[in-house]
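The following exercises concern the disulfides of a protein and the elements that they connect. Please work through each task with the sequence and the structure at hand.

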Amino acid sequence: MPPNAIYLTGDSWSVENVTYRLYGVQACLRGTSFTNGHGVKRDCGEASLAMLVALTRDLRPQCYNAVEAPQTRTVFVFCVAIPTTGAGAGSRIDLGTALIATGFAFASLKPDGQPVHPPYWVAEEVAAQSKAGLWAFADLPDPNAIILRTLQRPAGTEPTSPAHAAAPTPDTPQQP
């Protein structure tokens, strides 16, 4: 991850006008909120973003291209870190798995509801069951549910509830 990376969302960053997205990872959507343990509403997308920044700065992962979308100047990547010190020294840490397992991101789903990368779905299930990270909050806005509802809504129709109003923004495109 180059030092000049500009973090965009909890699953993407930009370097020299190219957007990099973690393949198979969906961050919380900006503009959606959850109520933290102190009863304060917080932006879910910002929480995902903060965790991505923290993990990339701590782990210093190397990223590898998975799929390129030249028309949108987007590269989907897998990122892996191999710590050299501490309890995890020598182990291989996948950044997507780390974000999802800690409860600050989700496994991306295809329009048919199937996971883009099944191992991430397993990590999400474990995080949800253990109430890790954002899963600890009852009003967690599941970004996949929001995206799938938006995709299933007929073109030109308006959202019918506040939950539907948090449709994906241009900085949160659906994974291939």
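**Exercise 1: the link of Cys63 and Cys79**

Cys63 is partly exposed, with a relative accessible area of 28%. The model is a predicted one.

Task: Determine whether Cys79 is buried or exposed, and state which elements its link with Cys63 ties together.

Solution.
1. The relative accessibility of Cys79 is 1%. The cut-off for buried is under 20%, so Cys79 counts as buried.
2. The sulfur atoms of Cys63 and Cys79 are 2.0 Å apart, and the two residues are joined by a disulfide.
3. Cys63 belongs to strand S7 (residues 62-69) and Cys79 to strand S8 (residues 74-81); the pair therefore ties together parts that are 16 residues apart in sequence.
4. The angle about the S-S bond is 105 degrees, and the link of Cys63 and Cys79 is right-handed.

**Exercise 2: the link of Cys28 and Cys44**

Task: Establish how far apart the sulfur atoms of Cys28 and Cys44 are, and where in the structure the two residues lie.

Solution.
1. The sulfur atoms of Cys28 and Cys44 are 1.9 Å apart, and the pair forms a disulfide.
2. Cys28 is found in the loop between strand S4 (25-27) and strand S5 (33-35), whereas Cys44 is in helix H1 (residues 44-59), so this disulfide connects parts 16 residues apart in sequence.
3. Cys28 and Cys44 are both buried.

**Exercise 3: the pattern**

Task: State how many disulfides a search of the whole structure finds, and which pattern they follow.

Solution.
1. The search of the whole structure yields two disulfides.
2. With bonded cysteines counted along the chain, the pattern is 1-2, 3-4.

Terms used
Residues numbered from 1 in each chain as written. Predicted model: local features only at pLDDT ≥ 70, side-chain atom pairs only at ≥ 80, totals over all residues. Heavy atoms only, no water. Disulfide = S-S within 2.5 Å. Helix = DSSP H or I, 4+ residues; strand = E, 2+ residues; numbered from the N terminus. Buried < 20%, exposed > 50% of the residue type's maximum accessible area, 1.4 Å probe, protein only.
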